[in-house]
Amino acid sequence: MSEQSPRLAVRALILHENRLLLVNAYPGGQSDLWCAPGGGARRHASLPDNLTREVWEETGLRIEVGAPALVNEFHAPDRGFHQVDVYFRCRVIAGTLSEDWIDPEGIVTDRRWFSRSGMDAIRFKPDSLPGAAWGEGILYDPLEPLVR
């Protein structure tokens, strides 16, 4: 089995009216796990450009990408999967969430705004998400197991 480099992904921490935008990326209700919008980085495009594209595809929102807030790693050793996510603080510059928005990749099926206290009632990853979204500086969340 050949060793592959970890996959690199970017994610957006978007607070609006003190609520964080999260997406469910499990079509057909396969999981109730929520995460920040974003996805895999494509080669030869900057991380902010990748993130702008991913957020548009998943939510229909145009964003301005700010400073990094969190670096998170997760893995599934039995499947040879290892991903590094770089989370950026972002703000919406155009658009609103619409029930009829369809992710062209068909991955994100639901998107919602959550208050910090509202996050207590849902499953989300990574565990450090609220601290990064409502905190300051940059956090590092080391390797954690991939969950669904």
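How do the residues of the lining of the largest pocket divide into nonpolar, polar and charged? Let's work up to that, starting with some ground rules. This is a predicted model, where local features need pLDDT of at least 70, side-chain atom pairs count only at pLDDT 80 or more, and totals for chains, interfaces and linings use all residues. Residues are numbered from 1 along each chain as its sequence is written, and side-chain values use heavy atoms, with hydrogens and water left out.

Start at strand 2, residues 19-24 (a strand is a DSSP run of E, at least two residues; a helix is a run of H or I, at least four). Five of its six residues are buried (under 20% relative accessible area with a 1.4 Å probe, protein chains only), so strand 2 is largely enclosed by the rest of the structure.

Now look at its neighbours. Strand 1 (residues 7-16) pairs with strand 2 in the antiparallel sense over two bridges; pairing takes at least two DSSP bridges. Leu 15 has Leu 20 as its bridge partner in strand 2. Two residues sit between the strands of this hairpin, and Glu 17 takes a positive phi near 50°. Strand 7 (residues 110-115) runs antiparallel to strand 2, joined by six bridges, and there Leu 20 has Phe 114 as its bridge partner.

On to the largest pocket (an open set of 1 Å grid points where a 1.4 Å probe fits, with protein on both sides within 12 Å along at least five of seven lines). Its lining counts 36 residues, with Arg 7, Arg 11, Ala 25, Phe 74 and Gln 83 nearest the centre; lining residues have an atom within 4 Å of a point. The answer to our opening question: 16 nonpolar, six polar and 14 charged.

Methods:
Buried means under 20% relative accessible area, exposed over 50%, partly exposed in between (1.4 Å probe, protein chains only). Ala, Val, Leu, Ile, Met, Phe, Trp, Tyr, Cys and Pro count as nonpolar, Asp, Glu, Lys and Arg as charged, and the others, Gly among them, as polar.
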